[in-house]
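Here is my notebook from an afternoon of looking things up in a structure. I went from the strands to the helix, and then to one side chain.

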Amino acid sequence: MSEPRANCLQCKYYHTTWDKYAPRGCTKFGFKSAMMPSLMVKQETGLECQVFEAKVKHAPDRNQAN
C-alpha cells in the first residue's frame with residue numbers, strides 16, 4: 001500500500017509566488033513551479049515528499065478585546 005501524498009497547502013514550507021508561470025513554491029527545496037511541489041518531487045525523484053511538516057495553527061488570543 002502506498003503512503004498518502006503530502007498536502008502542500010498544509011505544509012509550512014509551501015508558499016505562493018508572484019510568478020504567474022510558477023505560482024507554487026517550496027522553501028525547503030528552494031524551487032517554484034506550475035504544479036504542486038509534492039507532485040514535482042514525486043516526478044523528479046520517484047518518491048513521496050519526505051520533508052512535509054504541518055503548519056502550526058495558533059489559537060486565537062481570547063484576552064484581546066473585540
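Before I start: I count two strands as paired if DSSP finds at least two bridges between them. I also keep in mind that this is a predicted model.

**Entry 1: the sheet.** I looked up how the strands are arranged. Three strands form an open sheet in the order β1-β2-β3, with antiparallel pairing. I then asked why one side of β1 and of β3 has no neighbour in the sheet. β1 (14-16) and β3 (31-33) stand at the edges and have a single partner strand each, so one side of each is left free of a sheet neighbour. I noted the twist too: on average, neighbouring strands here are turned by 30° against each other, direction ignored.

**Entry 2: one pair of strands.** Next I picked β2, which covers residues 24-26. With β3 it pairs in the antiparallel sense, over three bridges. Within this pairing I found G25 standing opposite K32 in β3.

**Entry 3: the helix.** What lies across the strands? I found helix α1, residues 37-45, lying across β1, β2 and β3. Helix α1 runs at about 100° to β3.

**Entry 4: a serine in the helix.** I stopped at S38, which lies in helix α1. Is S38 buried or exposed? The cut-off for buried is under 20% relative accessible area, and S38 has 2% relative accessibility, so S38 counts as buried. I listed its company as well: leaving aside neighbours within four places in sequence, S38 is in contact with R5, A6, C8 and C49. For A6 I have a distance, since the S38 side chain reaches the backbone oxygen of A6 at 3.4 Å.

Technical notes
Residues are numbered from 1 along each chain as its sequence is written. This is a predicted model: local features need pLDDT of at least 70, side-chain atom pairs count only at pLDDT 80 or more; totals for chains, interfaces and linings use all residues. Side-chain values use heavy atoms; hydrogens and water are left out. Helices (H or I, at least four residues) and strands (E, at least two) are DSSP runs, numbered from the N terminus. Axes are lines fitted to C-alpha atoms, for helices over the stretch in contact, and angles run from 0 to 180 degrees between N-to-C directions. Contact means heavy atoms within 4.5 Å. Buried means under 20% relative accessible area, exposed over 50%, partly exposed in between (1.4 Å probe, protein chains only). A polar contact is a pair of N or O atoms within 3.5 Å; within protein, one must be able to donate a hydrogen and the other to accept it, and residues adjacent in sequence count only if both atoms are side-chain atoms.
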